[in-house]
Amino acid sequence: MVTRNSWSVRTRLTLIAITVAFLCGLLATTVLTLSLHGLADGFRTSEVASAALEVIHLDEEASAPVTLPQGDAAGVQVVNSVGTVIASTPSLAGAPPVADFAPPSGSTRTDRELCEIPEFPGRCMVVVALRIPRQGGDWLIYSVDDVVPWYVQPQVFAVLVGACLVLVTLAGVGAHHMVTRALRPVSDISDHLAEITATDLGRRVPVPEAHDEIGKLAETINQTLDRLEGAVEQQRRFASDASHDLRSPLTAMRAQVEEALLYPEDTDWGAKATAMLASLDRLQALVSDLLMLARIDAGTPSAREPVDLAELCGDELERRKRGVEVVRELKPGLVVEGDRLRLARLLTNLMDNAERHAASQITVRVTEEDGTAVLEVLDDGAGIAPDQWEVVFRRFTRLDASRNRDAGGTGLGLSIAREIAQAHGGTLGLEDSPQGARFVLRLPLTR
């Protein structure tokens, strides 16, 4: 079953154009027909009146004959002051007066349309009445002829209807052609999109030369494809890096187990278990970070509550084991809206990173700047080169220095911290520092 919703845009627009053209043609035909009918009706009435005037002329030259010339009118009668027909055309010979109305007082002419004249059955006639003054009383001349039909003439009406049909046909053909040309770029875009697959995201749809809505659509699609290609490429790198980082502790544990099975008598099972626990800890940390990233990427809603940033930092620092000296500069009363657990995870990741690189001291500072709450974590380590400031926030990124110093990191901590900051409407980045690395978090304050 074909429904209106299954029609193509081309079909719908063509039908709309045909409908509009038909209505316009119908309106134009109606207006023209009515206008022509009005003109023709006035002309016909004038002709009928002229036939009566001819009788007046004859009457002025001589006495009115009993039988009048037929002329162009359907019939003419002359009625005296007592209502007797004293002259008529052959078509009305012997007939009583065809009408019983007369011009109003002060007027010499009037006309009406009558449809019940016995001498003209089934026909509607225009009757013009003229008043002629006479000494014995006024005479009336009735001139009769057929009314103009509503269509004026068959030939005229046929021309109007034909012109309307031609207009509708031209509108339909023109609309179909124009819509086809207008939608051709859309078809090209659709065909190219259908050919683009996940393995061929480098292709782009053609952009029409015209800077119209379709051109903007093509540009938007190409921009979307750019983002999609970047996201897919990031996902591929993520999957590759995750597989590599997951495989490393698994490979280490497998090697340890195989070595223990080959030489069970010479194996120190306690030491072996301790070594495997280290690999399991790294594997557990990696899986935990991956789950956190998956929840953040999926947009999992988190609880939002007012959080005093200085109080949060103080509580978290109290619970941490101190590997290096931690200097606190916490300004109380700076309240932000957010998830307390995720903000605590952000601070933990920054502290873990700082402890891996600090030489002897870490500074945690909470201040206010331009209406925002600012959290800074500084270490006195070797620092990070400015060209690596954005690189360290990529997933599974671990600089060579950190790999040589500490192999326990997952490469996801800073990426998770930035994702949490952005989810709270804030920013997290590296900024200039006299020594070491300086991570700065900015969050909007709660009004």
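**Exercise 1. Work out whether Glu-368 is buried, partly exposed or exposed in this predicted model.**

Solution. Begin with the place of the residue in the fold: Glu-368 is found in strand 9. Next, take its relative accessible area, which is 40%. Buried would require a value under 20% and exposed a value over 50%, and therefore Glu-368 counts as partly exposed. As a further step, look at its surroundings: leaving aside residues up to four places away in sequence, Glu-368 touches Lys-331, Leu-334 and Leu-445. Finally, consider a remote part of the chain, where the C-alpha atom of Gln-70, 298 residues apart from Glu-368 along the chain, is separated from that of Glu-368 by 112 Å.

**Exercise 2. Carry out the corresponding analysis for Val-205, and decide whether this residue is buried or exposed.**

Solution. Val-205 lies in a loop, namely the one between helix 2 (154-195) and helix 3 (213-262). Its relative accessible area is 3%, and because buried means under 20%, Val-205 is classed as buried. The residues that Val-205 touches, not counting those up to four places away in sequence, are Ile-189, His-192, Leu-193, Ala-218, Ile-221 and Asn-222. Between the C-alpha atoms of Val-205 and Arg-44, which are 161 residues apart along the chain, the separation is 68 Å.

**Exercise 3. Describe the sheet that contains strand 7 and strand 11, giving its strand order and its edges.**

Solution. The sheet is open and has five strands, which follow the order 7-9-10-12-11 with mixed pairing. Its edge strands are strand 7 (325-330) and strand 11 (427-430), each of which pairs on one side only. On average, and with direction ignored, neighbouring strands of this sheet are turned by 15° against each other. For one particular pair, strand 10 (residues 372-379) and strand 12 (residues 438-444) run antiparallel and are joined by seven bridges, and Thr-372 stands opposite Pro-444 in strand 12. Two helices can then be added to the picture. Helix 5 (residues 309-319) packs on the sheet, where it touches strand 7, strand 9 (361-369) and strand 10, and its direction makes about 165° with that of strand 7. Helix 6 lies across strand 7, strand 9, strand 10, strand 11 and strand 12, and runs at about 25° to strand 10.

**Exercise 4. Determine how helix 5 and helix 6 are oriented towards each other, and which residues meet.**

Solution. Two packed helices are described by the angle between their axes and the distance between the axes. Here the axes of helix 5 and helix 6 come within 10 Å and cross at roughly 60°, and the two helices are therefore oblique to each other. Helix 5 passes helix 6 in a right-handed crossing. From helix 5, the residues Glu-311, Leu-312, Cys-313, Asp-315, Glu-316 and Leu-317 meet Arg-340, Leu-343, Ala-344, Leu-347, Thr-348 and Met-351 of helix 6. Sorted by class, this contact has seven nonpolar, one polar and four charged residues.

**Exercise 5. Describe the crossing of helix 6 with helix 8 and the residues in their contact.**

Solution. The axes of helix 6 (residues 340-357) and helix 8 (residues 413-423) come within 9 Å and cross at roughly 145°, and helix 6 passes helix 8 in a left-handed crossing. On the side of helix 6, Arg-342, Leu-343, Arg-345, Leu-346, Asn-349, Leu-350 and Asn-353 take part, and they meet Gly-413, Leu-414, Ile-416, Ala-417, Ile-420 and Ala-421 in helix 8. The residues of this contact divide into eight nonpolar, three polar and two charged.

Methods
Residues numbered from 1 in each chain as written. Predicted model: local features only at pLDDT ≥ 70, side-chain atom pairs only at ≥ 80, totals over all residues. Heavy atoms only, no water. Axes fitted to C-alpha atoms, helices over the stretch in contact; angles between N-to-C directions. Helix = DSSP H or I, 4+ residues; strand = E, 2+ residues; numbered from the N terminus. Left-handed = near helix turned anticlockwise from the far one by under 90°. Contact = heavy atoms within 4.5 Å. Nonpolar A, V, L, I, M, F, W, Y, C, P; charged D, E, K, R; others polar. Pairing = 2+ DSSP bridges. Parallel < 35°, antiparallel > 145°, perpendicular 65-115°, else oblique. Buried < 20%, exposed > 50% of the residue type's maximum accessible area, 1.4 Å probe, protein only.
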